[in-house]
Amino acid sequence: MTSALFPTFARADLAFERGEGIRLFTPEGEEYLDFASGIAVNSLGHSHPHLVEALTEQAKRLWHVSNIYEIPEQSKLGERLAAATFADVAFFTNSGAEALEAAIKTARRYHFANGQPERYRLITFEGAFHGRTLATIAAGGQAKYLEGFGPKVDGFDQVPFGDLDAVKAAIGPETAGILIEPLQGEGGVRVVPNAFMRALRDLCDEHGLLLILDEVQSGVGRTGKLFAYEQSGIEPDIMAIAKGIGGGFPVGACLATNEAAKGMVHGTHGTTFGGNPLAMAVGNAVLDIVLAPGFLEHVRDAGLRFKQGLARIQDTFPGVVDEIRGEGLLLGIKCKVPNKDLIEALRDQHLLCVGAGDNVIRLIPPLIIETPDIDLALQRIEDACAAVAGAQATVEAGQ
Ligand SMILES: *Cc1c(COP(=O)(O)O)cnc(C)c1O
């Protein structure tokens, strides 16, 4: 089939017309459980009444004004994020990659402001994913994303995941900071141990480096904490967020302490769309719900029930499931079969999920999921595993 789109995506032959809660519906009215959430974006599911109202009310009043004016909704969201996190200030963007770009620029300008412009390099980790701009593919360091796009943007030194000695060895006179996802999503739902996060914080303090977190995927309640870093008891200096904060509207932000952001003075950075009234109305509406009493507890309870159910499925199908990974409602199955086989079997069961590196599938339902739907999903996952195991047995018998 010819198409007027870049063929950059491997698209499933599936389109949706409508969404409600954790469910998506095709034009033919077929129903799917959405455990992909637009890749951890639809944090409150589809058509959440509070988000619909926030967006439509704002749309009737004012869509867009430039950042050359005050945007009260933006100030409000900045203040609320600052109050709820380590940060003092925010810069709003339209995407995760732009939030990372702002974070990288903020880190470099910090050392510039300190009279050390030679300190511009960031240490990053194998398996990382930070976006698809020229600088963020360099930060992520994955060959498949870098190939053919000219010289790799300079300033990123990658070390193996979880290797503290390699981090120490990589620190030099040009190092500005360390950039890490507390939980690698794209890289295969790999959780960074709390002790490792604390060791990175100590190294940063010792060497005058900035600790920069990428919580574009792990943030905004996804792991059962507002941000995954809270689990380790440390605080970063700079953090990029996006995905879940917009609930489906494109919003990102670079959060920072006043100290870390001190180089980002008037004129150093900008955006046309970032932080516009529509985006900010939705971001504030998402926070209304995620910060409401009991919400994060609900995510933790739901995540625990789901993970325990997945562990039972692992016991039943050891030939299909290698390992269950993740925190809260950012869970992964490391597969013993090719992960695409399980993704297809799940799609046959009308359950949508996302692949990840390391032969993992990501299960990232909307955070509002309730117990009956977790149990329904577990049943479908079990049926999909049975189908895959059956196909495997047939192949082996035929050999
Ligand atoms: C998705 C993602 C990004 C990039 O976000 P975009 O909105 O696609 O630019 C960056 N970092 C992490 C950890 C992500 O999951």
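Me: How do the residues of the shell around the ligand divide into nonpolar, polar and charged?

Reply: First, the ground rules: this is a predicted model, where local features need pLDDT of at least 70, side-chain atom pairs count only at pLDDT 80 or more, and totals for chains, interfaces and linings use all residues. Numbering runs from 1 along each chain as its sequence is written, and side-chain values use heavy atoms, with hydrogens and water left out. Ala, Val, Leu, Ile, Met, Phe, Trp, Tyr, Cys and Pro go down as nonpolar, Asp, Glu, Lys and Arg as charged, and the others, Gly among them, as polar. On that count the shell splits into 3 nonpolar, 5 polar and 3 charged.

Me: Which residue has a side-chain N or O atom 2.7 Å from a nitrogen atom of the ligand?

Reply: The residues around the ligand (a heavy atom within 4 Å of it) include Ala 97, Phe 129, Asp 214 and Gln 217. Polar contacts here are pairs of N or O atoms within 3.5 Å; within protein, one must be able to donate a hydrogen and the other to accept it, and residues adjacent in sequence count only if both atoms are side-chain atoms. Ala 97 uses a backbone N or O atom, 2.8 Å from a ligand oxygen, and Phe 129 also uses a backbone N or O atom, 3.2 Å from a ligand nitrogen. The side-chain partner at 2.7 Å from a ligand nitrogen is Asp 214.

Me: And how much of the ligand's accessible area does the protein cover?

Reply: Areas come from the Shrake-Rupley method with a 1.4 Å probe, and for residues only the protein chains shown count as cover. On its own, the ligand has 380 Å² of accessible area. The share of it that the protein covers is 81%.

Me: Gln 217 is part of that shell; which side chain does the side chain of Gln 217 join in a polar contact of 2.8 Å?

Reply: Gln 217 sits in the loop between β10 (210–214) and β11 (238–241), where helices (H or I, at least four residues) and strands (E, at least two) are DSSP runs numbered from the N terminus. Gln 217 is buried because its relative accessible area is 8% (buried is under 20%, exposed over 50%, partly exposed in between, with a 1.4 Å probe and protein chains only). Beyond its neighbours within four places in sequence, Gln 217 is in contact (heavy atoms within 4.5 Å) with residues including Ala 40, Lys 243 and Arg 362. The 2.8 Å side-chain partner is Arg 362.

Me: What is phi of Ala 40 near?

Reply: Ala 40 lies in helix α1 (residues 37–40), and it counts as buried because its relative accessible area is 3%. Most residues other than glycine have a negative phi. Ala 40 has a positive value, near 60°.

Me: Is Asp 358 buried or partly exposed?

Reply: Asp 358 is in the loop between β16 (354–356) and β17 (360–363). It also has a positive phi, about 65°, without being a glycine. Its relative accessibility is 38%, so Asp 358 counts as partly exposed.

Me: Which residue caps the N-terminal end of α9?

Reply: Helix α9 (residues 277–290) has 14 residues, and its end C-alpha atoms are 20 Å apart, which agrees with the 20 Å expected at 1.5 Å a residue (1.5 Å times one less than the number of residues). Of those 14 residues, 13 are buried. At the N-terminal end, a side-chain oxygen lies 3.1 Å from the backbone nitrogen of Leu 278, and that oxygen belongs to Asn 276.

Me: Which side chain does the side chain of Asn 276 make a polar contact with?

Reply: Asn 276 lies in the loop between β12 (252–256) and α9 and is buried at 9% relative accessible area. Not counting residues up to four places away in sequence, Asn 276 touches Trp 63 and His 64. The polar contact, at 3.2 Å, is with His 64.

Me: Which residue follows α8?

Reply: Helix α8 (residues 194–207) reaches 20 Å from its first C-alpha to its last, close to the 20 Å expected. Its buried residues, among them Phe 196, Leu 200 and Cys 204, pack against β5 (121–125), α7 (164–170), β7 (175–180) and β10. Right after α8, with a positive phi near 70°, comes Gly 208.
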